[in-house]
Amino acid sequence: MLSDPFTLSLLIIITIALGIICWIVFLRKPLILIILSLLILVSNVILEQEIISFEIGIYNINVLDFLSVFFITNAIGRIFLSPKKRRADFFIILLLGVLLFISWLRGIFVYGLEISTNSIRTYLYFYSFIFYTCNLEYSQQLHDKVFSWIKKTGFLIIIVALVRWALVIFSDVSSAAWVAPNGSMVRVLYASAAFFVLQLLIILTHLKKPNENHVIFKLTQIAIICMILALQQRTVWAALLIFFILYLLFKYKQKNLVILGIIFLTVITTFILVINDFSIENLTGTALDFQNLKWRIEGWQSLLAPERFNSPLELLIGQPFGSGYSRFIFNSVFETTVSPHNFYIQTLLNIGSIGLLSLGFLYGSIIHQLLKLNQNKTSQLLIILLTSQLVFYFSYAPSFEQGLILGLSILYVQNVRNQQIILMVPQNTGGNIGNLS
């Protein structure tokens, strides 16, 4: 702490001035904030999920805390500077923000500022990215640049994975966090990063350029699929399967082929279970070891026990941030306090049934509107990205960059609706109705 009041005051003034300058720059160049966030994602992968942070007094401040402030305040600035007619999805996002704020405020009164703030951070980063993105002005240029930077970020993450695998093979480097269920040192990316690689595959598949070399493109696809399988993040495998099914449904009019494919996968899965006597124990030590899933389900049941909720109000708006996720699993004498590893249960606990239903309605509404445009490649891409997110959330909370995908989907749907309204409204030009805006 600085003891000189003059120096401290000067630093505060300089910080505020720099903050105002950055805010104006971000308002004029909205892509900068998105690029900075994606670069932070890469740094988190390199630093093993350790977000860059520093101390201010007794508080630990993350760089994403600052970005979240810029996200939210910039979005509010755009709302007032460019007022326009708002639709239901915007008010649902506002409702989610209100619920998060109320739960955080309640947590401050019960557990203190530090504990409540630490608990809300995951939601804050995710929510602020959605709120910021959906309030941008949509353009094809913005759309192309965002996906271009997502692709660059995905390839940087792939490079990190390849370097780590090389270190494991040639330098005998090891980490407990990299050990897969079968004991191999292959999980060199945490789940959110592996899921981002899958999203890169989805984007590459849908945004292939006509003049792109077909052989190189196919080899790239195969290499990324092999990488996803090798990383042994089973939830990402499930999302990969959903991607294949939806891609085939969109690509082929003969839906029977897709149905036959699903039946084939079901038969193969059943066969694997049959040769293992349908026993989870017989799969222990393999990539199909489901002991972890069994542990999670037990934890979910404990977290949803009726006695955990102190009042009907908690069922509606959730428990204050900072309440934690303590539970006893398999009659253990040791308490488990880690996150539920299920975003839906985590949402129910933190912002209640109103928050969970609002989140579900938001995703459902956007996907439903995109389905109306399913002959459009962009809408198909966004449907698959959003659906894969929903699968991933069964085992994990979203990383902050996932808010970009949802926010961009909302922005795209808003733009399509606005264009449809413009085309439907005739412009009177000297009594003629022929000219359309």
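Let's start with Ile-14, which is found in helix H1. Keep in mind that this is a predicted model. From Ile-14 we'll go to a nonpolar surface patch, then to a pocket, a cavity, two salt bridges and a pair of loop residues.

**The nonpolar patch**

- Ile-14 is partly exposed, because its relative accessible area of 40% falls between the 20% and 50% cut-offs.
- Ile-14 has company: together with Leu-10, Leu-18, Ile-21, Val-25, Ile-32, Leu-36 and Leu-39, it makes a nonpolar surface patch of about 640 Å².
- Two helices, H1 (5-28) and H2 (31-46), each put at least two residues into this patch.
- H1 has the largest share of the patch, with 5 residues.

**The second largest pocket**

- This pocket has a volume of about 1,200 Å³.
- It is lined by 38 residues, and those closest to its centre are Asp-65, Phe-66, Ser-68, Val-69 and Leu-124.
- Helix H1 turns up here again, as one of the elements giving two or more residues to the lining; the others are strand S2 (59-62) and helices H3 (63-81), H4 (88-111) and H5 (113-133).
- H3 gives the most to the lining, with 11 residues.
- Sorted by type, the pocket lining has 27 nonpolar, 8 polar and 3 charged residues.

**The cavity**

- Searching the whole structure for cavities of 30 Å³ or more turns up just 1.
- The largest cavity has a volume of about 80 Å³.
- Its lining is made of Leu-96, Leu-100, Tyr-123, Phe-126, Tyr-127, Ile-130, Phe-343, Thr-347, Ile-351 and Leu-359.
- Helices H4, H5 and H13 (343-371) each give two or more residues to that lining.
- The cavity lining divides into 9 nonpolar residues, 1 polar residue and no charged ones.

**The salt bridges**

- Side chains of opposite charge can pair when their charged atoms come close.
- This structure holds 2 salt bridges.
- One joins Arg-121 to Asp-65, with the closest N and O atoms 2.8 Å apart.
- Arg-121 sits in helix H5 and Asp-65 in helix H3, so this pair ties together parts that are 56 residues apart in sequence.
- Arg-121 is buried, at 11% relative accessible area, and Asp-65 counts as buried too, at 13%.
- You've met Asp-65 already, among the residues closest to the centre of the second largest pocket.
- The other salt bridge is between Arg-417 and Asp-89, whose closest N and O atoms are 3.1 Å apart.
- This pair links distant parts of the chain: Arg-417 belongs to helix H15 (residues 402-424) and Asp-89 to helix H4, 328 residues apart.
- Arg-417 counts as buried, with 16% relative accessibility, and Asp-89 is buried as well, with a relative accessible area of 3%.

**Two loop residues with positive phi**

- Gln-232 isn't a glycine, yet it has a positive phi of about 55 degrees.
- You'll find Gln-232 in the loop between helix H8 (214-231) and helix H9 (234-251).
- Gln-232 is buried, because its relative accessible area of 8% is under the 20% cut-off.
- His-341, another residue other than glycine, also has a positive phi, near 55 degrees.
- Look for His-341 in the loop between helix H12 (312-317) and H13.
- At 21% relative accessibility, His-341 counts as partly exposed.

Conventions
Residues are numbered from 1 along each chain as its sequence is written. This is a predicted model: local features need pLDDT of at least 70, side-chain atom pairs count only at pLDDT 80 or more; totals for chains, interfaces and linings use all residues. Side-chain values use heavy atoms; hydrogens and water are left out. Patches are made of residues with over 30% relative accessible area and no salt bridge: like charges are joined within 9 Å, nonpolar side chains (Val, Leu, Ile, Met, Phe, Trp, Tyr) within 5 Å. Accessible areas come from the Shrake-Rupley method with a 1.4 Å probe; for residues, only the protein chains shown count as cover. A salt bridge is a side-chain nitrogen of Lys or Arg within 4 Å of a carboxyl oxygen of Asp or Glu. Helices (H or I, at least four residues) and strands (E, at least two) are DSSP runs, numbered from the N terminus. Buried means under 20% relative accessible area, exposed over 50%, partly exposed in between (1.4 Å probe, protein chains only). On a 1 Å grid over the protein atoms alone, a cavity is a set of points where a 1.4 Å probe fits but cannot get out, and a pocket is an open set with protein on both sides within 12 Å along at least five of seven lines; lining residues have an atom within 4 Å of a point. Grid points are joined across faces, edges and corners, and a volume is the space filled by probe spheres set on the points. Ala, Val, Leu, Ile, Met, Phe, Trp, Tyr, Cys and Pro count as nonpolar, Asp, Glu, Lys and Arg as charged, and the others, Gly among them, as polar.
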